[in-house]
Amino acid sequence: MARARRGLGLLLMTLVSSLLLGAVAAAQSPADLGASPWVERPQARLRLISATTAVGQASTLLLGLEIVQKSPWKIYWRSPGDAGTPPVLDWRGSVNLARAEVAWPVPQRFTVSSIETVGYAGTVVFPLHLRPETPGAPVVLALALEYLTCAEICVPERASFSLLLPPGPATPSAHAQTLAQALALVPSPQVYPVA
């Protein structure tokens, strides 16, 4: 009985995802496939990007949180130093998502009035390794992000993102190269452990 319910739920999720995909595809250009709409904030713009336009049969999907910050604003690393807080990613509300892990690129050091902090200025892409509960089934991502952005003052910010990865061949998206470059900036576990 439980297996039948799960199968029915998966069928319903596939149907709803297909309908959503049709609506999204009609409104998107090819460059937009595999990316959420930009979220605009006074200090930055942010979006989710995917290395592929569909889920394929992979047990792990590569995505990224892309943040393009205006100068002189910055955000913080997972261990921010003397001040600041790291970004917090909340995936509740996502469908067919078993696990999400953030990979942290090598950060910069900042010193302001003898306060040492560690983070990112300019553009940063945080690689995200996502594991679907059911490989091959559509993944509907819902991300709520909380982060602290600082220049001369610090401003707590929030942003919400949604992205549908439909079933089908895992064709590389227009963002695959950006994500490969972001992954190259993540230290290997032997050099600096990633928590």
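**Sheet and core: a quick chat**

Tutor: This model is predicted. One open sheet has five strands, in the order E1-E2-E3-E9-E6, and the pairing is antiparallel.

Student: Which are the edge strands?

Tutor: Strand E1 (39-40) and strand E6 (99-102). Each pairs on one side only.

Student: How many bridges join E2 to E3?

Tutor: Seven. Strand E2 covers residues 44-50 and strand E3 covers residues 61-69, and the two run antiparallel.

Student: What stands opposite Ser 50?

Tutor: Leu 63, in E3.

Student: Ok, helices. Where does H2 lie?

Tutor: Helix H2 (residues 176-184) lies across E2, E3 and strand E9 (123-131). Its direction is at about 95 degrees to E9.

Student: New topic: the largest nonpolar core. Which residues touch the most other members?

Tutor: Phe 126 and Phe 161 do, in a core of 30 residues.

Student: And which strands supply at least two residues of this core?

Tutor: E2, E3, strand E4 (74-81), strand E8 (115-121), E9, strand E10 (139-150) and strand E11 (154-165). E10 gives the most, with five residues.

Student: Back to Phe 161. What is it in contact with, leaving aside neighbours within four places in sequence?

Tutor: Ser 36, Val 39, Leu 46, Arg 47, Leu 48, Leu 65, Leu 141, Ala 142, Leu 143 and Leu 145.

Student: What lies apart from the largest core?

Tutor: Another core, of six residues. Among them are Ala 35, Val 125, Leu 179 and Ala 182.

Student: What do nonpolar side chains tend to do in soluble globular proteins?

Tutor: They tend to be buried together.

Notes: Residues numbered from 1 in each chain as written. Predicted model: local features only at pLDDT ≥ 70, side-chain atom pairs only at ≥ 80, totals over all residues. Heavy atoms only, no water. Pairing = 2+ DSSP bridges. Helix = DSSP H or I, 4+ residues; strand = E, 2+ residues; numbered from the N terminus. Contact = heavy atoms within 4.5 Å. Axes fitted to C-alpha atoms, helices over the stretch in contact; angles between N-to-C directions. Core = buried A, V, L, I, M, F, W, Y, C linked by side-chain atoms within 4.5 Å. Buried < 20%, exposed > 50% of the residue type's maximum accessible area, 1.4 Å probe, protein only.
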